Structure formats: C-alpha cells, structure tokens
Amino acid sequence: MMVVSFNIQIKACADLGLDFRFLSSDYASDGEGRGDTEMMQQETAPVPALSKKTKQPKECFLVQQKETKEDATKTRKRRKKKITDVLAKSEPKPGTPEDLQKLMKDYYSSNRSVIELEELNLPDSCFLKANDLTHSLSSYLKEICPKWVKLRKNHNEKKSVLMLIICSSALRALELIRSMTAFRGDSKVMKLFAKHIKVQEQVKLLEKRVVHLGVGTPGRIKELIKQGGLNLNPLKFLVFDWNWRDQKLRRMMDIPEIRKEVFELLEMGVLSLCKSESLKLGLF
C-alpha cells in the first residue's frame, strides 16, 4: 500500500511541476520503504553520458620564427667589421700621394661633376717623399727640407708659418712637438689646436711675433685662416701626420670628422698653392 501511495504522490508532484525527491526523505524515514526508494532513485537517475574517447597526444614540432627585416638589419649591423678589426689583421702600409688623391675623389664624388673632380687632381711634383715608416719626425723633416736653417733665417713675416704639421688631436700635437727637437733648433714653434687655448689668443700671438713652425689640428687652423690670423701664402711645407694610429688603430684620415676638416682646409687656398708649386705636401 505504501508503494501505491508513494507512486500517487510522485504523479501528483509531476502534475504540479514539483520534484519528487523532496518527498523521498520523508518516505525513506519509514523503515519499510527505504529499499523501494533507493530502487526508484536508481531507476529514475539519469545515465551518465559516455565520455568521449581521449585523443592521443600528437607529436610536437618547434616552428622556427621567420626573420623579419628588422632582425636581418640588426644581424648585418652586428656582423659589420669595424675599422679596428680590419687594421688589426693587416700590416701597416706607408701612405702615398695616390691615397690622398683617392680619398679626395671619394669624398667629393657625390656632389661634384666629372670636370670638377678632375680639377682636384694634384701634380706629382707638389708631393714630397712619403715616410716609409722607418723615420722619426725629425729625420723625416731633415730629409724633405735639408735647407731648413737657411729658410727660417730668411723668414720674418708675422701671421704666417713656413711649415704646418697637421695631426688628429691636441695630445698628438704635443707628442710631435717633443719629437722634432733635433730638427727645429732655434725655430719658433706654435701650438695650433683648441684644447685650453682660445682662438683670439692665438691670433694675437701670430700678430706679435714671427713663427716658423705650426703644429695643430685642421679645425683650429681653419678657424685661424677664417679670422685672418694666419696667412697661407708664405707657407712652404704642409705635412700630414698620415701613418700614426690611435688606440683604435685609426689613422688621421680614418676619422670622418678629421677627414672632413682636412678637405675643407685644402680648399681654403692649399690646393691652389700646390698647383702653383709654391707649396709641397708631405705624408709622415
């Protein structure tokens, strides 16, 4: 009878939209109907869906990222050899007039016509013998200018020098001045660089006394010419500190800033003096 009563209650709950499980606890409290309740719950409990077949793990491959243009550029930049690396593996070679001529053509090739480039060519007669890397500065200057003593005695013009030695830095200029003691003798030497010396002071010194030798950087020498403190017409010798290398193994003309100033200086009257054969160029 209890089973029939319980079934009637379940039907009533279904008609009212109620969950019959609310009645299960009351019914199960009677000892007699507990087994029937469990049986009904087992019959009405939903059957769990069969689990899908687990997929077997697939083999994993590492996909290499494509190299972008930016990465390629960075790689090229890293691989680009520095001048220090190139020079460290090469034997030092003495500079030649052809080296200077080639540098001039490369520098002006982008903004000069063919005719203008030809005008930059200097005659071989304007070049002095180049240093073969066996000379000190004094011995080299004695070789290219054996009559220096007579020449300096006849020089009495202010705001000018007989010989200019051009190098890359103030420290190098001081080294050159110390190393040329055997050559200069009683000659008056002037430092022509910017470090700790104002250009106005150098102009005043050149106006007051006769100077035979000037040693300095192309930038300061250019500035002295612009301000009228230095006249190039009496100049007889212009020597480049061509073969010396700094800590990075760079020569003077390997440094872009120095190279630019050298060529600008050459155009400030040096090239015309060379073509007239009143000025000689030397590569130390």
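Here are some questions and answers about this predicted model.

Me: What should I know about the numbering and the model before we start?
Reply: Residues are numbered from 1 along each chain as its sequence is written, and side-chain values use heavy atoms, with hydrogens and water left out. The model is predicted: local features need pLDDT of at least 70 and side-chain atom pairs count only at pLDDT 80 or more, while totals for chains, interfaces and linings use all residues.

Me: How many helices and strands are in the protein?
Reply: Helices (H or I, at least four residues) and strands (E, at least two) are DSSP runs, numbered from the N terminus. On that basis the protein has five strands and 14 helices.

Me: In what order do the strands of the open sheet run?
Reply: Strands pair if DSSP finds at least two bridges between them. The sheet has five strands, and the pairing is parallel. Read across, the order is β2-β3-β1-β4-β5.

Me: Which strands stand at the edges of that sheet, and why is one side of each left without a neighbour?
Reply: Each edge strand has a single partner strand, so one side lacks a neighbour in the sheet. The strands in question are β2 and β5 (280–283).

Me: Which residue in β3 stands opposite Met190?
Reply: Strand β2 (residues 189–192) runs parallel to β3 (residues 213–216), with four bridges joining them. Strand β1 (residues 163–166) also pairs with β3 over four bridges, in the parallel sense, and there Leu164 has Gly214 as its bridge partner. Opposite Met190 you again find Gly214.

Me: Which side chains of β2 point to the buried face?
Reply: Buried means under 20% relative accessible area (exposed is over 50%, partly exposed in between; 1.4 Å probe, protein chains only). Side chains alternate along β2, and Val189 and Lys191 point to the face that is not buried. The buried ones, on the other face, are Met190 and Leu192.

Me: What is the handedness of the β-α-β unit?
Reply: With the strands pointing away from the viewer, a clockwise path from the first strand over the helix to the second counts as right-handed. The unit here is built from β2, helix α12 (residues 199–208) and β3, and it is right-handed.

Me: How is α6 oriented against α14, roughly parallel or roughly perpendicular?
Reply: Axes are lines fitted to C-alpha atoms, for helices over the stretch in contact, with angles from 0 to 180 degrees between N-to-C directions. The axes of α6 (residues 97–108) and α14 (residues 256–275) come within 11 Å and cross at roughly 100 degrees. Under 35 degrees is roughly parallel, over 145 roughly antiparallel, 65 to 115 roughly perpendicular and the rest oblique. So α6 is roughly perpendicular to α14.
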